[in-house]
Amino acid sequence: MKIEYELIKKDKTTGARLGLIHYGDKTYETPMFMPVGTQATVKTLSPEQVAETHAGIILANTYHLWLRPTPEIIEKAGGLHGFMNWHGPILTDSGGYQVFSLAHNKKKDITEEGVHFKSELDGRKLFLTPEESIKIQNMLDSDIAMSFDECPPATADRTYLKNSIERTLRWAERGKKVHQNPNQCLFGIVQGGPHRDLRKWSAEETVKLGFDGYAVGGVANDDEEKEAMYQAVEYSVPYLPEDKLRYLMGVGEPVDLVECVARGIDIFDCVSPTRLARHGNALVWGVNYPKNAKKSGAKEKRINLKNARFTEDFTPIEEDCDCYTCKTYTKAYIHHLVKCDEAFGKTLLSIHNIRFLIRLTEKMREAIRNDAFDEFRREFLSS
RNA sequence: GCUGGAGUCGUCUAGUGGCAAUGACAAGAGACUGUAAAUCUCUCGCGCUUCGCGCUUCGUAGGUUCGAGUCCUACCUCCAGCA
């Protein structure tokens, strides 16, 4: 069963859109936030716990699963769904981000043919090509495969970016040629850094190749400013077909979700909610904590449960949150778990943070449905 | 009572003539955006006008020395062995 996207409604004043993802007999609404499960697990959560956050699609990573346990093992297990016991849709990233994060300090590692890696597991030399990435994703049997792209750093200059985009286009075409899984979508990726013309060009050329959906990549690297990130989205989205899913890769933070939905993005993924959770942080809508003297007046969007101020706070992270964590446990208890470095604390915070972002998408969908997205956005930004 | 050993930041610890004094843990705080992240960074004797300055510190009290956590004397406490 191959994923089908259906555009339901376009917001009148912004680029926001409401859509449906049909997946066999299941449907999921967009805008959607997709939790990241790089190594075929959303860190510290069982699939049941992930499902309880109302997650739709989840992510896994080609690069990591290629090294371990290997696509052959996953294929024998009946594909990723059977292997990890996740029966909702799965998107696999191609390893393109790892080109950025693992190989990029050595420009010679990125060649026309593919990318040389040194395995961080055992130091052996690895070579990943666009064809190999797609073949691995075919074997993993994810529902959405991503083209193998180069994700250049924010500091890359125009000349570099131009060459990189051309190569990414050639890689996309090569990947498409070997893509053979009829149940699997293949998405193309728009690059172009902060440049309007390069984004347009990359988007148009990628669309010409013809994919099942389109991603905007390379916007959340390094020290990029938020405005630059939103602009990169603005420069890319208008050239993408309306009847296809638009995926903003690696974003993000609550405010980014709102701003990028306003610019026409449908689906997001980000490690932030689970990583923040493992580091003791909880996302919150904006709360005043009188004991936190340093930010007088400013509402907090995130609280650090490690802080001593929660030692005797016997209230949930958020009174009105419907997640398992907030319905069941107090900040004092989570503070205790975090201080003891207990795994359960990370689990509880991951549940809350993922549910937080998914609830945010639910609110945005509701607002779009009610022609109130712009109002919602203004309220959100001013809170 | 005798002999030997030991007393250093909340805890354990480095340190045998030039140190406000090492490391770990604890504690306090910060960062985190297609996961090389259950990671990393900062603070951690006191006070300031804090890329610096001043004070007070290494069981207690004296002493030697230009200079002592480091050497000497006495005392206190703890540990081990002998009585």
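This dialogue goes through the sheet, one helix and the confidence scores of a predicted model.

Reader: How are residues and chains numbered, and which cut-offs apply to this predicted model?

Author: Residues are numbered from 1 along each chain as its sequence is written, while chains are lettered from A and ligands numbered from 1 in the order in which they are written. Because the model is predicted, local features need pLDDT of at least 70 and side-chain atom pairs count only at pLDDT 80 or more, whereas totals for chains, interfaces and linings use all residues.

Reader: What is the order of the strands in the open sheet?

Author: Strands of a sheet pair through backbone hydrogen bonds, either parallel or antiparallel. Here eight strands, in the order 4-13-12-11-10-9-6-5, form an open sheet with parallel pairing; two strands pair if DSSP finds at least two bridges between them, and strands (E, at least two residues) and helices (H or I, at least four) are DSSP runs numbered from the N terminus. Strand 4 (32-35) and strand 5 (58-61) are at the edges with a single partner strand each, so one side of each has no neighbour in the sheet.

Reader: Which residue of strand 13 is the bridge partner of leucine 248?

Author: That partner is phenylalanine 268, and two bridges join strand 12 (residues 245-248) to strand 13 (residues 267-270).

Reader: Is helix 14 largely enclosed or left open by the rest of the structure?

Author: A residue is buried if 20 or more other C-beta atoms, placed from the backbone, lie within 10 Å of its own, exposed if 12 or fewer, and partly exposed in between. In helix 14, 21 of the 27 residues are buried, so this helix is largely enclosed.

Reader: What pLDDT does chain A average?

Author: The predictor's confidence in each residue, pLDDT, runs from 0 to 100; chain A averages 93, and 96% of the residues score at least 70.
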